[in-house]
Every structure is written in structure tokens, then in C-alpha cells.
Amino acid sequence: MTSIDTIDDNLLCTEAVRDPYSYFARVRDLDPVYWNSRHRAWVLTRYSDVARELRSQALTAERITPFVPSVSRSSQSDELAATFKILEDWIVFRDPPEHTRLRRLVARAFTPSVVKASTPEITATIDQLVADLRGRDDLDLIHEFAYPLPAVVIAQMLGVPAEDRDLFKEWSDKITALVFGAYGQADRFESAARGMMELRDYLLGLIELYEQHPGDNLISVLLEHEGDDALSRDELVATCTLLLFGGHETTTNLIGNGMLALLSHGDQRDLLTQQPDLIGPAVEEMLRFDGPARTTVRLVRDEHDIEGHTLSPGERVFLINGAANRDPEAYPDPDRFDITRNPTNHLGFGVGIHYCLGAPLARLEGQLAIAALLQAFPRMELAVDHDALSWHGTMLSRGLVELPVKLHG
Ligand code: HEM
């Protein structure tokens with residue numbers, strides 16, 4: 001019998017980056033719960049295991065807190081230590097009871113009415129970006145559309161004045177490098193930390209402004225007190241940086257990967273063109289088929305067994321959302337892209353207490369953006385072979401470096 005040892009154990013090897021679905025399907029077939037000694041992590045690839053462990057209290061999301069004392073002690077840079085303090089307050093890195101309190105306060109910014117109210121602004125931003133593309137032919141859809149859109153949207157929603165939005169995009173890049181790319185690379189952390197400090201100082205100014213003159217924006221919502229309970233100044237800054245980061249690269253990748261799926265499956269694209277009402281289920285299928293969340297990381301808190309394997313406290317666990325979403329036990333014919341499937345239980349936004357808070361916003365943005373692109377450029381096609389596309393080599397996310405297209409529009 002073939003063993004897991006025959007598979008390259010580098011989870012960022014060329015195949016695992018280019019086609020993680022085939023790579024992790026082989027891993028799942030050979031050993032769905034295995035200890036990867038190169039990455040020093042358990043790798044879980046079955047839908048049932050990933051969904052159960054994401055909900056389990058035997059795992060902890062607190063993967064920053066354990067490093068804070070040692071970073072503060074050993075770091076030459078106050079900026080790095082301060083950055084870790086900010087990350088420590090991100091709700092995605094907290095467990096209950098802190099998580100429960102923070103999530104309740106932050107969720108006020110993502111009620112259906114707040115999200116719905118942003119529709120006209122999102123539509124106007126999309127219309128502007130589409131108008132800028134008109135008359136062009138060959139272009140990179142990531143850099144000219146999918147990348148700028150979510151940055152502008154979240155900056156608008158937070159209440160960042162239009163003239164400061166380029167600065168915001170720069171900071172967002174730096175945080176993305178910090179969170180997605182720099183696991184265990186101290187030098188990259190150091191350089192990214194400077195961007196985080198600039199962003200923190202900027203946000204503090206904005207928070208002060210909206211404290212005195214509340215406006216129609218998320219910072220003003222987050223500043224509101226609920227009885228005695230309110231976000232502290234540090235928690236507020238941390239939350240704004242999380243929303244900026246959480247709202248950017250992930251949504252870029254939803255639009256990029258989603259457009260790629262449509263452009264590579266002509267029948268599904270024709271179906272969506274004929275039945276634009278399918279845009280909701282189509283975006284759900286994009287999140288399942290090739291969603292932005294490749295892996296979620298946890299640490300083991302309480303020892304427990306999964307099928308004869310003992311997971312011990314402190315060990316890292318990689319829950320491979322992308323593999324779970326292509327598990328044949330969960331989805332018949334999982335490698336088929338089918339916009340009528342409507343897979344409402346996919347793990348593209350996670351599951352359990354950390355389920356993506358921005359999901360309603362991401363869905364709205366993805367649906368409006370993809371519908372607008374299809375309508376404006378009905379003859380758009382890929383400008384290179386599918387195999388020639390290059391993907392970011394990162395553990396947590398799945399996204400294209402570029403999406404070269406011909407608009408013919
Ligand atoms: C398609 C785009 C997006 C995807 C695929 C995505 C994916 C995810 C996933 C998988 C998680 C769970 C992480 C975990 O369990 O550790 C998460 C959490 C979160 N996301 Fe998103 N996200 C997207 C867009 C957004 C947007 C637009 C925002 C806000 C502007 C946002 C804010 C958050 C927040 C605040 C959390 C933490 C929730 C908690 O810990 O309770 N996300 N996201």
C-alpha cells in the first residue's frame with residue numbers, strides 16, 4: 001500500500017500551491033489525520049474532522065498570546081512587541097470568555113442593516129472600477145479590480161477619508177505580509193511591524209475624530225457604549241486592523257478565484273449569464289470550489305484522540321478548509337464546479353464561534369462585483385493557459401498573483 005511518506009511533506013511545494021485540491025486529496029486518501037513533522041503540525045483534510053475540530057473546545061485559537069512574553073523579552077524592536085499586542089486582541093485569536101465579549105461588541109458593525117446600507121457605496125465603487133477598465137483589452141484583473149475594490153470598500157465603511165485611502169491600501173499590504181506570509185520569519189515580522197505602527201497611529205486619530213463627531217461609519221458604531229461595556233481603545237484599534245486585513249485579501253481572492261472558475265467553465269458562465277439570479281448560489285460554490293481560506297490554524301488545548309491518533313496539548317493543527325470543501329464524503333463529485341449546487345454548509349468562512357463575521361459583507365461584495373464584471377464584459381476570457389497562472393505560496397490563503405484576461409469589451 002502507498003504510504004503518506006511518498007508525498008512531498010512540504011505543504012507549500014509546487015503542487016500543493018498550484019493545485020492544493022489534488023495534493024490534499026491524495027493526503028486525505030492516504031492519511032486523513034497525520035502528523036507532518038516538517039511543519040510540526042497535525043494535518044486534517046476530511047470535512048467531518050475539520051468541521052468537528054473547528055467547533056471543538058479541545059482546540060484553542062489563542063496562537064498569538066503564547067508568544068507575546070517571549071517576543072517582548074527577546075525583541076530588539078518595541079514596534080514588534082507592540083504589533084504582537086495588537087494581534088493578541090484580534091478576536092480571531094481569542095477564546096471564550098474574551099472572544100464572546102469582543103465578538104458581541106464587534107458584531108454590531110455587521111448586522112444585516114449595516115451591511116445592506118453599504119450597497120450603494122459598494123455599487124458606486126464597482127461602477128467606477130468597471131468604467132476605468134472600459135476600452136482596455138489585456139489586463140490583470142487582480143491588480144486592476146479585485147485588489148482595489150475591497151480595500152476601498154472597507155476603508156469607506158470604517159470612515160477613512162477618500163484622500164487617505166492609498167495609505168490604507170499600503171498598510172493593508174503590510175499586515176497581509178505579516179499575517180499570511182511571515183509565519184516564523186522574524187525579519188519579515190520586523191519590517192511589517194513598522195506599517196502596523198503607522199496604521200495604529202492613524203487609526204487613533206480617526207477614532208478621536210469620530211468620538212467627538214460621530215459619523216455614519218463602523219468606527220462610530222464600534223465606539224458606542226453598551227451599558228458599561230465598551231471596546232477599550234486598544235481593542236478598538238485591534239478590531240479596525242483586523243477588519244482592514246480580514247476585509248481585504250480574502251475578498252480579493254474570492255473575486256479572483258471566482259472569476260477564474262467562471263472563465264474556465266464556459267457552461268457555468270453561460271448559465272449565470274442567462275440566469276443572473278443564480279449569483280448567490282454561484283458565489284457559495286466559488287467559496288467551496290476554490291475559496292480564499294486554504295487552512296485554519298489552531299493549537300491543541302486538551303489531549304484527545306482522532307481515530308487512534310493522540311493530539312497533545314501545545315501541538316499545532318492545520319485544518320485544511322480547502323480539502324474539506326472537496327471531500328467526496330461531503331459533496332458528490334466534489335471537483336465539479338456547479339453553480340446550482342448551493343453548498344450552504346461549506347467551510348469557506350469557517351464554522352463555529354469564529355465563523356467569519358464579515359461573511360455577509362464578503363458575499364455582497366463578491367456577488368455585486370462578479371455580476372457587474374460578467375455584465376460589462378460578456379466576452380471576457382483568460383489571456384493565458386490555466387497552467388501558466390501563478391498562485392501565492394502561502395499556507396493560510398489561496399489566491400492568484402495575477403489573473404491576466406482579455407476583456408474584448
Ligand atoms: C471571501 C472573503 C472572506 C473569507 C473567505 C473569510 C474567511 C474567514 C474565515 C475562514 C474565518 C474563521 C477563522 C478561524 O476560524 O480561525 C474568518 C473570520 C473572521 N473574518 Fe472573515 N473572511 C472573508 C471576509 C471578511 C470580511 C470582508 C471581513 C470584515 C470586514 C472579515 C472579518 C472577519 C472577522 C472579524 C473574523 C473573526 C471572527 C471571530 O473570530 O469570531 N472577513 N474569516
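1. A good place to start is helix H14, where Glu235, Leu236, Val237, Ala238, Thr239, Cys240, Thr241, Leu242, Leu243, Leu244, Phe245 and Gly246 are buried. That makes 12 of the 14 residues in H14, so the helix is mostly covered. Please keep in mind that this is a predicted model.

2. The length of H14 can be checked too. The helix covers residues 233-246, and at 1.5 Å a residue its 14 residues should span 20 Å; the C-alpha atoms at its ends are 20 Å apart, which agrees.

3. Cys240 of H14 also turns up in the largest nonpolar core, a set of 75 residues. The residues with the most contacts inside that core are Leu149, Ile154, Leu158, Leu222, Cys240 and Met259. As general background, nonpolar side chains tend to be buried together in soluble globular proteins.

4. What does Leu149 touch, once its neighbours within four places in sequence are left aside? Leu149 is in contact with Thr125, Ile126, Leu129, Ile255, Glu365 and Ala369. A second core, separate from the one above, has 25 residues, including Trp42, Leu44, Tyr47 and Leu319.

5. Now to the ligand. There are 25 residues around it, and those that come nearest are Gly246, Gly247, Gly350, Cys356 and Gly358. Three elements give two or more residues to this shell: H14, helix H15 (249-264) and helix H19 (359-376). Sorted by class, the shell holds 14 nonpolar, 10 polar and 1 charged residues.

6. For the strands, begin with E1 (residues 33-36) and E2 (residues 41-44), which run antiparallel and are joined by 4 bridges. Across this pair, Trp35 stands opposite Trp42 in E2, and Trp42 is the residue listed in the second core. The hairpin has 4 residues between its strands, and Arg40 there takes a positive phi near 50 degrees.

7. There is also an open sheet of 3 strands, ordered E4-E10-E9 with antiparallel pairing. Why is one side of E4 and of E9 left without a neighbour in the sheet? Strand E4 (138-140) and strand E9 (381-382) stand at the edges and each has a single partner strand, so one side of each stays unpaired in the sheet.

8. Looking at one pairing in that sheet, E9 and strand E10 (residues 404-406) are linked in the antiparallel sense over 2 bridges. Which residue of E10 is the bridge partner of Glu381? That partner is Lys406. In general, the strands of a sheet pair through backbone hydrogen bonds, either parallel or antiparallel.

Notes
Residues numbered from 1 in each chain as written. Predicted model: local features only at pLDDT ≥ 70, side-chain atom pairs only at ≥ 80, totals over all residues. Pairing = 2+ DSSP bridges. Expected span 1.5 Å × (residues − 1). Buried ≥ 20, exposed ≤ 12 C-beta atoms within 10 Å, placed from the backbone. Core = buried A, V, L, I, M, F, W, Y, C linked by C-beta atoms within 7 Å. Contact = placed C-beta atoms within 7 Å. Near = placed C-beta within 6 Å. Nonpolar A, V, L, I, M, F, W, Y, C, P; charged D, E, K, R; others polar.
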